[in-house]
2 protein chains.
Amino acid sequence: MREIIVVSDLGEFGLIARIVARLATAGASPAVVLGPGDDAAVVRAADGRVAVTTDVLVDGVHFRRDWSTGYDVGRRAAAANLADIAAMGAHPTALVVGLATPGDLPVDWVDGLADGFRDEATHAGATVVGGDVVSSPTLVVSVTALGDLHGHRPVTRSGARPGDAVVVAGRLGFAAAGLALLHAGRPDAELADAHRRPAVPYAAALRLAVLGATSMIDVSDGLVADLGHLAQASGVGIELARDDLPLPAELVDAALDVGADPLSWVANGGDDHAFAATLPSDLALRAVAELADLGEPVPFAQVGRVVTGSGVVFVDGPAPAADGWDHFRP
Amino acid sequence: MREIIVVSDLGEFGLIARIVARLATAGASPAVVLGPGDDAAVVRAADGRVAVTTDVLVDGVHFRRDWSTGYDVGRRAAAANLADIAAMGAHPTALVVGLATPGDLPVDWVDGLADGFRDEATHAGATVVGGDVVSSPTLVVSVTALGDLHGHRPVTRSGARPGDAVVVAGRLGFAAAGLALLHAGRPDAELADAHRRPAVPYAAALRLAVLGATSMIDVSDGLVADLGHLAQASGVGIELARDDLPLPAELVDAALDVGADPLSWVANGGDDHAFAATLPSDLALRAVAELADLGEPVPFAQVGRVVTGSGVVFVDGPAPAADGWDHFRP
């Protein structure tokens, strides 16, 4: 019988030392002026401006420990924040992480969490530079990400103009399909991993920004919902076509498996962290070429266009059914 | 009978709109390029480097709602992070805040929290630029603060040199005395407010940095513990004198009240967010003059000196008794 080491066995400072050691295996980044261990870290912000965003993830609300490992949660929590940075057209530079945990959490889980944060940060070009560890009856992970704009104007949600094309870089509906498979008792399905660890095309977002995206948003609530935020901020309407939404075969298969509408996943599923952007329509084709040039292939589609008016409508049939998600209206 | 409005009555987006409106009453700061409402905020970092620190505060661990209002918790959570920024010699610029809360939390409490964050941030010259609101069985507040070094080198914990004077700007033992009074059932005692809302001398920390502090630390765990961190990081020893620790009359009175040793509060009490610094000894007197010049008076004392060796020792008697605090060893 193996004894499980838990957080309270190590104590606060022992746990911090262990986490910092695992993070350090990523090596030093030139963006880090001063790493963990002082009152604050210091990170380069060569642009003279810094993009900053924060998220909180709660055990049983944003993740389930029987469905996701610590590594998965680290990857996903980091990805959600790094994607927000990239959606501004900013290059991710640094993360700080807060961990509020019961004392009986296995240290293995924290090891995985640290590794997940380190690996996703490294993938996005960023480094974990600091954090806080405290005791709590509920396991909560808080994340703040920083990014550098490299001299570029921030790409906000408010710049979409009538006539622009609406494009999406990255996967849509995969995380929702994975979650549905987990709910259906299929934890070993390949798509379940899409819920556990999103595949975020950070480089694609940065290319779209440089190419001239007029607006951009990280798709975390679902394509229709997030385009709704973008349309509202820009004071425009958005027309989508069901026929233009990408519907990969694996989503269709999974939908047959669990009896769902795969187009609802694509239109309304959150947590894939694709990037939805608007572009002058003559640039949409160039975007295809730019993104093909990225090394690893990124799903890319033009899904609609910006019009005068308000709201998001489908022009070729009813909107795929949405559940919606409000943190205080379950 | 008055009906109490709770968080779930407003829903996630209603609550966010309400918080953002309260924060906006502080007016726009020139440091804010892009405020709340997009994927990320954008903050000026004119220095080309940004200081960043994060903390997590948990209901029942870091605060009690029967002892502290939402306003108190906001002030204290902001202060803890802004003090970490100032302890690097950096000017606080921005905060992002995460709120994980049960749906039945009164909205009044959240209003107070937002006001507390706004007021403490404003006092320190910073602005709340973004955040996240999620549901959670446990109330948790996460905070990240950013700061600008104004061209100055960061003042770390590792620069103390033998011969330096050890000085403290700010109050010591007040928060601990306040906590003891609260435990003794004296919520109306004036000192109880020192636990609820620390009085952080941000400007004093920045003066000490410019004056030439060789090292500095925010006193959050207690003077002896935090000087221990500083001594370890600097590879030096620190000699303190009981006779040099400031012992204000109100602490002596409170200690008589509750049967405690007031010097233990001064030496080991946390959460006052005073600044302990080391300075070449010829600068210690100049520091007194600099700090007297600050507009509002800041308690200031030379409490010891840096020596070769390791650890923190008292040269004129036994060390005041310490309780210590480890998040996972209660």
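## The nonpolar cores

In this predicted model, the largest nonpolar core holds 62 residues, and the members that touch the most others are A:L95, A:F117, A:L208 and A:M216. Helix α2 of chain A, which covers residues 70-86, gives the most to this core, with 8 residues.

To see what surrounds one of these members, we can follow A:L95: leaving aside neighbours within four places in sequence, A:L95 is in contact with A:A78, A:L82, A:F117, A:A121, A:T127, A:V128, A:V129, A:G130, A:V143, A:T144 and A:A145. A second core, separate from the one just described, has 61 residues, and B:L23, B:V97, B:L99 and B:L283 are among them.

## Where the two chains meet

The contact between the chains takes 72 residues from chain A and 72 residues from chain B, and together the two chains bury about 5,100 Å², of which 61% is on carbon and sulfur atoms. On the side of chain B, the three residues B:D39, B:V52 and B:F328 supply 16% of the area that this chain buries against chain A, which is more than any other three residues supply.

Charged and polar groups also take part in the interface of chain B and chain A, where 4 salt bridges are found. A:D38 forms a salt bridge with B:R157, and the closest N and O atoms of this pair are 3.7 Å apart. Between chain B and chain A, counting pairs with both residues at pLDDT 80 or more, 18 residue pairs are in polar contact. Strand β3 of chain B, residues 49-58, gives the most to the side of chain B that touches chain A, with 9 residues, and the residues of that side divide into 39 nonpolar, 19 polar and 14 charged.

## Two buried residues of chain B

B:D111 has its place in helix α3 of chain B, which covers residues 107-123. B:D111 counts as buried because its relative accessible area is 8%, and the cut-off for buried is under 20%. Leaving aside neighbours within four places in sequence, B:D111 is in contact with B:R18 and B:R22.

B:N81 is found in helix α2 of chain B, residues 70-86, and B:N81 is also buried, with a relative accessible area of 0%. A polar atom of the side chain of B:N81 lies 3.2 Å from the backbone nitrogen of B:D55. Once neighbours within four places in sequence are left aside, the residues in contact with B:N81 are B:T53, B:T54, B:D55, B:V143, B:T144 and B:A145.

Terms used
Residues numbered from 1 in each chain as written. Chains lettered and ligands numbered in written order. Predicted model: local features only at pLDDT ≥ 70, side-chain atom pairs only at ≥ 80, totals over all residues. Heavy atoms only, no water. Core = buried A, V, L, I, M, F, W, Y, C linked by side-chain atoms within 4.5 Å. Buried < 20%, exposed > 50% of the residue type's maximum accessible area, 1.4 Å probe, protein only. Helix = DSSP H or I, 4+ residues; strand = E, 2+ residues; numbered from the N terminus. Contact = heavy atoms within 4.5 Å. Buried area = accessible area lost by both parts, 1.4 Å probe. Salt bridge = Lys/Arg side-chain N within 4 Å of Asp/Glu carboxyl O. Polar contact = N/O pair within 3.5 Å; in protein donor to acceptor, adjacent residues only side chain to side chain. Nonpolar A, V, L, I, M, F, W, Y, C, P; charged D, E, K, R; others polar.
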